[in-house]
Amino acid sequence: MLINSLFAENFRKYHKLEVTDIPEKGVITIAGLNESGKTSIGEAICFALFGRTFFLDENNLHKIICWGRETAEVTLKFSVGSNEYYKLYRSLSRNGVHKVSLSKEFEKGVSDLSYITLDTEEKVSDALTKILAFDYNTFADSFYLAQQELTTPDPDSSTIKQMAGISDYAGISDELKQSTEEHKQKILELSPEVEATETALNAIDIDETWFPDLIDAEQTLGDEQQRREALIGHLDQNETDYEDNIKTYHSIRRSCGFWKYLSFLLFPLMIVSWLFWGLYKSKPISYENMIVNLLGIDELPRMMTITNDFLLPIAIISSILFFISLLLKQKAAANLELLHQEAEEMSHSMREGHRFITTQVETLLPERVVQLFQERKTDESTLLIIPPREQFTDLSQLIEDMPSYKADPEKVSSAITKLSNSLKSQDIEIVDLARDLVDDVEQERIRSDDAGKIRSTLKVLLRAVDSHQHEIDVQDISVALLQRAAGGSIELFNKNIAKISAIVLPRFTEGRYSEIRIAEDLSVQVYSDDKKDYMDFDEISSGTQRQIMLALRMAMSEELAKNTGNDQQFIFLDEPFAFFDQTRTKATLKALPNISNVITQIWVVSQEFPENIKVDKVINCPADSTELVV
């Protein structure tokens with residue numbers, strides 16, 4: 001950016017200020033005594049560009065208006081690149097009305113009608129940011145040195161980052177760091193709630209295994225109760241069934257024996273009858289000879305009559321009776337088998353009943369539940385976790401004899417009665433235990449539900465904390481990567497600064513110092529040709545330090561101009577020689593026009609300049625006039 005002309009009315013001390021024919025390259029000096037309005041020229045440029053000055057922010061901006069006047073106006077014409085010309089107008093009235101407009105010129109002095117004139121602060125500000133590629137802070141840190149002592153630049157400033165070409169990195173990094181702090185703050189905000197939730201969960205003191213143990217015990221007691229009740233029903237039925245079955249068993253057994261004996265008698269009769277009948281029909285002569293040989297010839301007629309009339313009916317009837325007896329015997333045997341099975345089932349029921357009453361239920365329950373029951377036991381209570389209630393010395397023999405119906409019905413009935421009574425007694429105790437356990441289960445269920453809700457809340461909180469911590473970790477990694485990526489740019493920036501300073505510095509110091517070495521923190525060391533070594537900055541005289549800092553700032557401004565796309569850039573130096581002697585001032589002024597191909601338009605403000613110094617435009621500010629036209 002280069003300034004082409006400056007017009008102002010009622011600005012600071014000037015009722016009228018007009019600076020034209022400003023050279024695009026060279027040194028422009030602004031001289032004058034104190035209070036002559038030298039600094040006002042720089043402030044007018046700054047006001048036009050950013051709506052404020054270095055010394056006055058937006059809240060005190062009314063002080064730029066001349067005493068006795070109502071409105072201050074500034075018109076600044078500037079160029080960007082080789083063919084972009086702009087006209088910027090800005091005014092401020094005492095009642096706070098701020099007007100601004102930005103238009104574009106086709107060439108110097110000729111308006112570009114295709115460019116829409118911008119006339120709002122927001123639009124003009126956005127447009128200037130895009131056109132200039134720097135804001136007020138960057139401008140004040142680099143291109144505008146406003147009556148301040150030259151010092152080492154702040155390495156953390158946004159301008160330095162923009163100069164180094166890492167402003168995007170720095171911007172993203174700053175956003176990530178800000179986001180990290182926000183996530184850390186969120187974690188801090190969540191921490192009391194997490195601690196309170198953990199405290200509430202610890203206060204419940206839930207044992208994750210206790211509720212399952214109670215449920216297991218409740219289920220076990222319920223199952224045992226159902227088994228006993230079912231078994232009691234079976235035993236009560238068996239008590240009457242065994243007495244009835246044993247009578248039926250003996251009756252069927254006798255019937256089975258009878259039919260077995262009958263079939264034994266009928267089988268040979270049936271076989272012989274059919275053999276004689278077959279022989280009679282197939283070989284009658286042989287049959288007759290057999291009769292004669294057995295009974296004699298006299299019996300032959302009678303036996304033949306009997307054979308012819310009765311032998312076949314006898315064979316048929318004996319066969320029918322044999323098969324009937326055989327079927328009845330099998331049916332009796334099947335009935336006996338059913339009775340044996342029923343007796344086996346009765347025997348099994350008694351065996352199960354004996355197993356139940358001789359098995360302590362405490363062995364089936366979780367140990368801690370048993371311990372709970374024992375702790376609740378009182379002297380009046382008969383509770384002793386279901387021990388054996390009866391002794392059955394002859395029960396084993398009865399169980400063994402029952403399937404074959406050898407057991408005495410009266411002894412069986414007595415044993416079943418004892419078993420049933422013992423099981424009923426156990427069932428009552430199990431019901432009492434289960435009733436108490438139901439209350440325990442319900443209480444523990446409520447505690448578990450409460451703990452579950454608190455645990456769910458805690459899980460959500462911890463998930464949120466983990467999410468924030470994950471974001472912090474990711475952002476820390478991202479910042480590290482950005483810093484690593486920016487490291488190369490910083491290193492190149494320092495090299496470029498050192499390179500440019502090596503050109504500028506000998507001219508400023510008349511060859512006494514030729515090279516600057518800059519660390520990442522922008523600390524400066526200077527190479528002395530006399531000492532042939534680098535010197536720390538504090539080893540150098542204060543005047544030379546200021547020369548070096550001016551050279552460094554010029555170099556950094558050039559680097560910033562390159563990074564913002566400005567091929568040609570002006571710089572405004574307000575009182576840069578305030579602590580220079582004549583020799584240093586002359587050397588510096590002589591070197592300024594040739595130190596950079598980028599910083600080409602150099603404005604220099606001073607109370608006076610050495611004689612015989614060639615500059616490209618001279619502006620002398622009168623102490624006794626409110627008008628300045630140059």
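Helices, taken as H or I runs of at least four residues, and strands, taken as E runs of at least two, are DSSP runs numbered from the N terminus.

**Figure 1. Overview of the chain in the predicted model.** The secondary structure comprises 13 helices and 15 strands. Of the 630 residues, 44% count as buried. The accessible surface of the chain is about 33,600 Å², and carbon and sulfur atoms contribute 51% of this area. Among contacts with a separation of 6 or more, 73% link residues that lie 24 or more positions apart. The structure holds 14 salt bridges; the views below show some of them.

**Figure 2. Salt bridge between lysine 184 and glutamate 181 in helix α5.** The closest N and O atoms of lysine 184 and glutamate 181 are 4.0 Å apart. Helix α5 spans residues 167-204, and the two partners are separated by about one helical turn because they are 3 residues apart in this helix. Lysine 184 is partly exposed, with a relative accessibility of 38%. Glutamate 181 is likewise partly exposed, its relative accessible area being 46%.

**Figure 3. Salt bridge between arginine 227 and glutamate 224.** The side chains of this pair meet with an N to O distance of 3.0 Å. Both residues belong to helix α6, which covers residues 210-282, and they stand 3 residues apart, about one turn of the helix. Arginine 227 has a relative accessible area of 42% and is partly exposed. Glutamate 224, by contrast, counts as buried because its relative accessibility is 6%, and buried means under 20%.

**Figure 4. Salt bridge between arginine 447 and glutamate 444.** The closest N and O atoms of the two residues are 2.9 Å apart. Arginine 447 and glutamate 444 lie in helix α11, formed by residues 409-508, with their positions 3 residues apart in the numbering, about one turn of the helix. Arginine 447 is partly exposed at 28% relative accessibility, whereas glutamate 444 is buried at 5%.

**Figure 5. Network of salt bridges joining Asp207, Asp213 and Arg368.** Salt bridges with shared partners connect Asp207, Asp213 and Arg368 into one network. The view of this network complements the pairs within helices α5, α6 and α11.

Methods
Residues numbered from 1 in each chain as written. Predicted model: local features only at pLDDT ≥ 70, side-chain atom pairs only at ≥ 80, totals over all residues. Heavy atoms only, no water. Buried < 20%, exposed > 50% of the residue type's maximum accessible area, 1.4 Å probe, protein only. Contact = heavy atoms within 4.5 Å. Areas by Shrake-Rupley, 256 points an atom, 1.4 Å probe, with all protein chains shown as cover.
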